[in-house]
Amino acid sequence: MSRFANKVALITGGGTGIGRAVTKALVAEEAKVVVTGRREEPHNQLAAEHPEAVRYVTTDVTEKGAPANAVRFVIEQFDRLDVLVNNAGLGTLAPLVELDDEALEQTLAVNLRGVLITTREAIPHLAKSGGAVVNISSTLAQASMPGAAAYSGAKAAVERITSALAVELGPQGIRLNSVAPGITETDMSSGAPQEMLDGMIAQTPLGRIGQPEDIARAVAFLASDDASWITGQVLQSSGGLML
């Protein structure tokens with residue numbers, strides 16, 4: 001059955017990696033999707049592949065007014081919003097002494113402020129539809145490793161925001177949950193040292209690197225009515241890495 005027939009989703013960072021996989025997963029179940037991101041080419045490709053289902057806005061969640069414009073575009077195109085996936089992220093991994101103010105501010109702006117503002121702008125429309133928000137966190141929200149202070153801190157905040165807003169917005173019929181990927185094969189992970197990747201795979205009971213589609217299936221579940229009695233939770237999609 002198509003869990004997203006007659007439903008509309010907004011996916012930030014939806015043109016590549018995990019966001020692209022989530023877009024395809026929801027479209028496969030008959031959703032209409034608006035994706036946002038900074039690069040136009042992958043958006044064009046998605047829209048060309050799914051001309052009836054996908055629209056896009058080339059923008060940056062850190063730009064003033066961009067989240068509001070994205071939500072407005074969704075309503076103009078499809079007249080409703082049922083699902084918000086806060087996927088846009090910046091994987092800043094470096095020792096703190098090597099991060100200047102600009103790098104720190106950008107890390108927090110993309111991974112944290114973008115989630116808060118986009119969610120805020122979506123609330124009135126999600127309240128009308130009894131919608132769902134899925135935030136993309138990370139296993140690094142709960143694990144510690146050198147060079148991850150800024151990124152881990154931002155993702156830990158995303159998980160706390162998820163539970164706080166689940167309490168705040170539950171009376172309006174809005175559910176919020178997070179998916180925490182482990183090491184996943186995306187552009188973000190492609191620059192990581194191979195020895196680090198090998199080490200994380202060795203610590204993963206299922207013995208492989210995750211694929212964007214693995215994460216997309218978890219997101220689709222939490223966004224769907226199959227999870228209608230689940231809110232404020234973090235779902236690890238990591239092959240058991242945190243075990």
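The exercises below, each with a worked solution, concern the overall form and the charged side chains of a predicted model of a protein.

**Exercise 1. Overall form**

Find out how many helices and strands the protein has, and work out what its radius of gyration shows when it is set beside that of a compact globule with 243 residues.

*Solution.* Begin with the secondary structure, where eight helices and seven strands are found. Next, take the rule for a compact globule, which for 243 residues gives a radius of gyration near 18 Å, and place beside it the 17 Å of the protein, so that the two values agree. As a further description, the C-alpha atoms fill a box of roughly 45 × 40 × 40 Å along the principal axes.

**Exercise 2. Inside and surface**

Determine what percentage of the residues count as buried, and what percentage of the exposed area carbon and sulfur atoms supply.

*Solution.* A residue is called buried when its relative accessible area is under 20%, and by this cut-off 51% of the 243 residues are buried. Turning to the surface, the protein exposes about 11500 Å², of which carbon and sulfur atoms supply 53%. Finally, consider the contacts between residues at least 6 apart in sequence: 69% of these join residues that are at least 24 apart.

**Exercise 3. Charges and a bridge between helices**

Count the positive and negative side chains, then explain which parts of the chain the pair K24 and E49 ties together.

*Solution.* The protein carries 19 positive and 27 negative side chains, and the centres of these two sets are 7 Å apart. Side chains of opposite charge can pair when their charged atoms come close. Here the count of salt bridges is nine, and one of them joins the side chains of K24 and E49, with 2.6 Å from N to O. Since K24 belongs to helix α1 (residues 17–28) and E49 to helix α2 (residues 40–49), the pair ties together parts that are 25 residues apart in sequence. With relative accessibility of 32%, K24 is partly exposed, and E49, at 42%, is partly exposed as well.

**Exercise 4. Buried or partly exposed?**

Decide whether D82 is buried or exposed, and do likewise for R80, its salt-bridge partner.

*Solution.* The side chains of D82 and R80 meet in a salt bridge with an N to O distance of 2.6 Å. The relative accessible area of D82 is 4%, so D82 is buried, whereas R80 has 36% and is therefore partly exposed. In addition, salt bridges with shared partners join R3, E29 and D226 into one network.

Methods: Residues numbered from 1 in each chain as written. Predicted model: local features only at pLDDT ≥ 70, side-chain atom pairs only at ≥ 80, totals over all residues. Heavy atoms only, no water. Helix = DSSP H or I, 4+ residues; strand = E, 2+ residues; numbered from the N terminus. Rg over C-alpha atoms; globule rule 2.2 N^0.38 Å. Buried < 20%, exposed > 50% of the residue type's maximum accessible area, 1.4 Å probe, protein only. Contact = heavy atoms within 4.5 Å. Areas by Shrake-Rupley, 256 points an atom, 1.4 Å probe, with all protein chains shown as cover. Lys, Arg positive; Asp, Glu negative; His and termini not counted. Charge placed at Lys NZ, Arg CZ, Asp CG, Glu CD. Salt bridge = Lys/Arg side-chain N within 4 Å of Asp/Glu carboxyl O.
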